[in-house]
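Student: Please take a close look at one part of this model and describe how its residues are placed. A connected account would be preferred, with the cut-offs stated.

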Amino acid sequence: MLVAPSLLAADFANLHGELDMLNASAADYLHIDVMDGMFVPNISIGFPVIKSIAPLASKPLDVHMMVMEPDRFINQVRDCGAYLMNVHYEACRHLNRTLQLIKDAGMKCGVTLNPATPVGMLEDIIEDVDLVLIMSVNPGFGGQKFIGESIKKVARLRKLIDITGSKALIEVDGGVNAETGKLLAQAGADILVAGSYVFKASDPHEAINSLKVL
Ligand code: DX5
Ligand code: ZN
């Protein structure tokens with residue numbers, strides 16, 4: 001299993017220390033949540049912060065944009081050194097164009113689905129995306145309860161990807177721990193995002209390793 005710890009749950013007064021921990025860990029990506037207070041009812045970190053931490057991070061940056069019309073920020077995300085830019089299906093008026101612009105900017109493109117958005121909405125775009133991020137909580141906050149329906153959703157997405165021959169990876173975000181992670185792995189997930197489970201753990205390395213082995 002690939003693992004992407006979500007910086008949202010980190011100690012923001014000690015980002016340097018948290019990044020040292022992540023760099024030394026078995027994590028595969030660093031998941032960074034950007035919020036605009038409109039698409040989601042919260043505001044998190046923005047580009048000046050991402051820009052300052054990017055040179056300290058040895059893991060590729062997976063930037064999760066919880067913002068309306070994310071096209072407006074593609075160049076800024078790229079300039080932060082992002083490897084992957086995740087945009088929400090629900091926040092894009094012309095998803096096909098947005099994904100093309102992300103690729104043209106030299107990044108991998110991901111499409112994120114809110115819990116109420118069906119996997120079938122991706123049928124006509126699945127072959128053009130590098131990754132699909134399934135939200136297993138309503139986006140905006142860390143530490144929420146895992147929505148059980150997400151397991152079936154991942155299985156449905158796995159089927160769609162296999163049928164179409166798409167190369168898209170399946171990432172899941174929200175309420176992930178060793179228990180929910182195991183079910184998601186069985187359903188066909190490739191990458192698990194985990195915030196609280198990693199950063200609030202007494203031993204974050206152990207938490208990351210417990211997901212890696214799934
Ligand atoms: C929520 C964010 C998540 C969040 C997950 O909107 O997208 O990445 O950090 O937090 P946990 O793992 O605590 O549910
Ligand atoms: Zn996220």
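**Helix H4 and the metal site**

Tutor: On the other side of H4 from its buried residues, Arg97 and Asp104 are exposed (over 50% relative accessible area, with a 1.4 Å probe and protein chains only; buried is under 20%). The model is predicted, so local features need pLDDT of at least 70 and side-chain atom pairs pLDDT 80 or more, whereas totals for chains, interfaces and linings use all residues; side-chain values use heavy atoms, without hydrogens or water. Residues are numbered from 1 along each chain as written, chains are lettered from A and ligands numbered from 1 in written order.

H4 spans residues 95–104 (helices are DSSP runs of H or I, at least four residues; strands are runs of E, at least two; both are numbered from the N terminus). Its buried residues are Leu95, Thr98, Leu99 and Ile102. These four lie on the same side of H4 because they cover an arc of only 95° around the axis (taken from the directions from the axis to the C-beta atoms). They pack against helix H3 (74–79), strand S4 (84–88) and strand S5 (108–113) (heavy atoms within 4.5 Å). Just after H4, glycine 106 takes a positive phi of about 90°.

Elsewhere, the zinc ion (ligand 2) is coordinated by His31 (NE2), Asp33 (OD), His64 (ND1) and Asp173 (OD), at 2.1 to 2.3 Å (donors are N, O and S atoms within 2.8 Å of the metal, 3.2 Å for Na, K and Ca; water is not among the atoms, so sites may look incomplete). Aspartate 33 lies in strand S2 (residues 30–35) and histidine 64 in strand S3 (residues 61–66), so the pair ties together parts 31 residues apart in sequence. Both aspartate 33 and histidine 64 are buried.
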